[in-house]
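Student: I'd like a close look at one part of this complex, and then a walk outward from there. Could you take me through it slowly?
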Amino acid sequence: MEVNTQLQVTKTVKITNKAGFHLRPMNQIVKVAETAQSDVTLVYKSCRADCKSSWDLLSLIGAEEGAELTLCAEGSDAAEVVDKIEALFLQKFGEDEFEKTASAPV
Amino acid sequence: MLILDNSGCRLSRRFIDPHEVDSEINRLKSAIQATSDQIAQDRDSVTREIGEEYGHIFGAHLSILTDKKLLRDLEEPIRQHNYSAEYAVTEVFDRQADMLRRVAGTLYSERANDVVDIKVRLLRQLMGVHQNSLAHLDRPVILLAASLTPSETSNLDRDNVLGFATEEGARGSHTAIVASALQIPAVLGIGRFLADVQEGDRVILDGDKGLLILNPDAETTRKYQQIIDRQKSVSQRLFSRSSAPAITQDGTEIQVFGNIEYHYESRICDINGAAGIGLYRTEFLYLGADLASLPTEEDHFQAYRTVIEAMGPNRVTTIRTFDLGADKLPSGLTTEIVEANPFMGVRSIRLSLKYQDMFRKQLRAILRASAFGPIRIMFPLVSTILEFRNAKSIFLDVCEELDEAGVPFDHSIPIGMMLEVPASIIMIHTFVKEVDFFSIGTNDLTQYSLAVDRGNKGVDFLYNSEDPAILQLVHRAIQVATMYDKPISICGQISSDPNNTMLLIGLGLRHFSVAPGVIPVIKDLCRNVTVKECEEVAKKALFMETARDIRNYLRLETDKKLGTGWTAEE
């Protein structure tokens with residue numbers, strides 16, 4: 001992690017769920033970002049999207065499993081919101097666990 | 001057969017007069033508002049009817065449509081270039097959809113469909129085209145279309161749409177997911193075919209094989225008619241009797257419970273005639289949509305209460321305390337637990353005993369929910385008797401707290417455990433004295449007995465729940481539990497496979513705990529066998545040396561019993 005000032009945090013996050021970036025992850029990210037005071041953006045290839053905007057985040061759809069995105073927040077709670085959104089990525093947006101337990105009951 | 005032309009809406013007017021800008025923007029805003037209301041309705045009805053997992057799709061549509069940046073993007077061409085609202089919507093959404101198709105690989109380009117869905121709804125609203133003609137049809141049809149959006153699919157007239165086929169689309173798309181949840185046969189993404197059919201042609205849609213047959217010959221039609229007749233009679237037989245008890249030909253009742261993960265699955269169990277919930281996996285509360293915070297006691301309570309009330313006063317709900325750890329960790333703990341060998345590490349009951357606050361919170365919620373109907377509590381992955389005693393003493397402690405606080409709960413809740421560590425079955429003669437009931441988790445039991453990571457492709461050929469070693473363990477567990485009059489069930493995949501039903505009855509199993517969808521099949525099979533012949537089958541299987549021999553033998557015996565092709569489609 002690279003911390004430029006107290007108020008700006010940048011981290012690389014990786015998509016690890018099989019379905020890649022789609023509506024459900026998008027919705028989860030917006031919900032978390034909306035609660036933050038900081039400005040939060042995700043950058044993938046040439047697309048930069050405001051995490052508080054579903055419409056903006058649509059442009060990241062197509063980022064597949066394995067894709068690396070840059071997560072950037074600026075504001076008083078930057079570190080916190082970056083951690084929260086990173087956790088969503090790490091947890092595969094709650095998706096593959098669902099599949100796994102559904103196919104293997106116990 | 002009905003051919004749908006959803007190539008889009010034609011636009012009459014592209015530009016407005018400059019003085020109309022403000023009123024045009026107001027018109028746009030009220031159309032967005034009205035469309036949002038519709039989508040919210042769809043979200044709620046879909047959530048109610050087929051579950052939250054599907055409602056999320058429309059929740060996402062709603063969040064896109066109400067986005068401030070979208071409004072800004074739409075307002076701009078109206079102000080700057082005097083576009084009409086319709087033209088602005090078309091331009092802005094088409095640009096976004098095109099971009100999605102371009103950046104995304106073929107697998108993902110389907111997702112542009114969601115954007116088109118929102119666009120079409122908004123345009124319909126703007127142009128005053130309200131009715132969704134597909135929601136009310138006057139005769140049964142097979143629907144053929146270039147593509148169908150998720151919202152069109154969820155609004156289909158389910159009495160009259162026998163199935164649908166589309167030129168575009170993909171198996172994993174939201175349209176496909178919604179169709180399968182609604183049990184509408186569908187074949188998506190066939191490629192161009194609409195030019196070759198006319199309304200009124202005869203077509204056959206085979207959702208199982210993913211085929212659309214245009215103008216079939218007499219022989220093919222006859223073949224398919226037979227398949228339809230057979231499926232109808234099988235499913236009628238299964239479902240007409242699904243709520244009746246499953247009693248073998250020689251008079252032994254077999255109870256078939258359902259395994260669930262999400263509370264809305266309790267409805268499927270109810271419809272399919274489950275004797276109760278044999279396994280309610282509660283991990284989903286931790287792994288679900290909101291990962292940023294751990295669930296509150298109230299979250300637990302509400303989920304449990306929904307299931308308990310769905311099952312009513314006469315059917316028990318078995319709640320397994322959270323089975324987290326290894327491959328399933330809530331976000332708060334990922335950084336705290338770093339293990340070289342997580343499947344042998346702090347997971348399941350071990351995690352509960354380590355993070356007792358989480359465990360107590362869950363137990364309090366379960367106890368509170370017990371005031372609303374019969375429940376049982378089950379601890380996962382117990383290895384030693386001390387671990388069980390430990391967990392139970394925490395449970396008793398929580399009971400005491402609630403008593404002191406005057407909170408009502410059921411004081412006679414049975415406390416059981418999963419048998420999934422080989423040691424617990426070897427030592428079952430000790431456990432039976434203190435544990436009220438058991439459930440064998442054959443999936444983890446297989447993994448630990450054969451020392452094979454079930455997720456590792458290099459060794460997964462060793463992973464067989466029908467391995468003779470597993471049968472020996474299962475046999476011993478059932479024998480000892482039965483000797484001590486303690487209820488025992490199996491909730492692993494082995495019991496959801498109808499090919500194993502005879503074997504398990506023969507090994508002495510009287511309580512099955514299976515995937516909700518197979519309950520009618522298993523119950524039907526139970527009614528067609530005698531315990532005596534099942535015991536013969538089990539005796540033979542126990543002497544076999546390999547999993548493959550056992551599986552082949554069981555399949556043969558099951559087919560002999562019911563004829564091939566009886567297995568219900570899932």
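In β5(A), which residue is the bridge partner of A:Thr10?

Tutor: Happy to! The partner of A:Thr10 in β5(A) is A:Cys72. Before we build on that, please keep in mind that this is a predicted model, in which local features need pLDDT of at least 70 and side-chain atom pairs count only at pLDDT 80 or more, while totals for chains, interfaces and linings use all residues. Residues are numbered from 1 along each chain as its sequence is written, chains are lettered from A and ligands numbered from 1 in the order in which they are written, and side-chain values use heavy atoms, with hydrogens and water left out.

Let's stay with chain A for a moment. The bridge between A:Thr10 and A:Cys72 belongs to a pairing of strand β2 (residues 8-14) of chain A with strand β5 (residues 68-74) of chain A, which run antiparallel and are joined by seven bridges. Strands pair here if DSSP finds at least two bridges between them. β5(A) also pairs with strand β3 (residues 39-44) of chain A, again in the antiparallel sense, over five bridges. In that second pairing, A:Val40 sits opposite A:Ala73 of β5(A).

Stepping back, chain A has four helices and five strands (DSSP runs numbered from the N terminus, helices being H or I over at least four residues and strands E over at least two). Read from the N terminus, the order of elements in chain A is β-β-α-β-β-α-β-α-α. Of its 106 residues, 60% count as buried (under 20% relative accessible area, with exposed meaning over 50% and partly exposed in between, for a 1.4 Å probe and protein chains only).

Where does chain A meet chain B in a helix pair? Helix α1 (residues 23-34) of chain A packs on helix α2 (residues 52-65) of chain B, with the axes 9 Å apart and an angle of about 60°. That angle makes α1(A) oblique to α2(B); under 35 degrees would count as roughly parallel, over 145 as roughly antiparallel, 65 to 115 as roughly perpendicular and the rest as oblique. Axes are lines fitted to C-alpha atoms, for helices over the stretch in contact, with angles from 0 to 180 degrees between N-to-C directions.

Chain B has a helix pair of its own to set beside that one. The axes of helix α1 (residues 21-50) of chain B and helix α3 (residues 68-81) of chain B come within 10 Å and cross at roughly 155°, so α1(B) and α3(B) are roughly antiparallel.

Now for the strands of chain B. In strand β2 (residues 141-145) of chain B, five of the five residues are buried. One side of β2(B) carries B:Val141, B:Leu143 and B:Ala145, the other B:Ile142 and B:Leu144, and both faces are covered. In a regular strand the side chains alternate between the two faces of the sheet. β2(B) pairs in the parallel sense with strand β3 (residues 161-166) of chain B over five bridges, and B:Ala145 stands opposite B:Thr166 in β3(B).

Strand β12 (residues 415-419) of chain B is likewise mostly covered, with five of its five residues buried. B:Ile415, B:Met417 and B:Leu419 point one way from β12(B), and B:Gly416 and B:Met418 point the other way. Follow B:Gly416 and you find a neighbor in each of two strands: its bridge partner is B:Met378 in one pairing and B:Phe437 in β13(B) in another. B:Met378 belongs to the parallel pairing of strand β11 (residues 375-379) of chain B with β12(B), over three bridges. β12(B) is also joined by four bridges to strand β13 (residues 437-440) of chain B, and these two run parallel.

Helix α16 of chain B contains B:Val398, which is buried at 0% relative accessibility. B:Val398 and B:Leu367 are 31 residues apart in sequence, but 8.6 Å apart in space from C-alpha to C-alpha.

Finally, since your question led us to a cysteine, what about disulfides? With sulfur atoms within 2.5 Å as the rule, the count is zero over all chains. B:Cys526 is in no disulfide, and its nearest cysteine sulfur, in B:Cys534, is 7.9 Å away. Why is B:Cys534 not bonded to B:Cys526? Because that 7.9 Å separation is too far for a bond. B:Cys526 is buried at a relative accessible area of 0%, and B:Cys534 is buried at 0% too.
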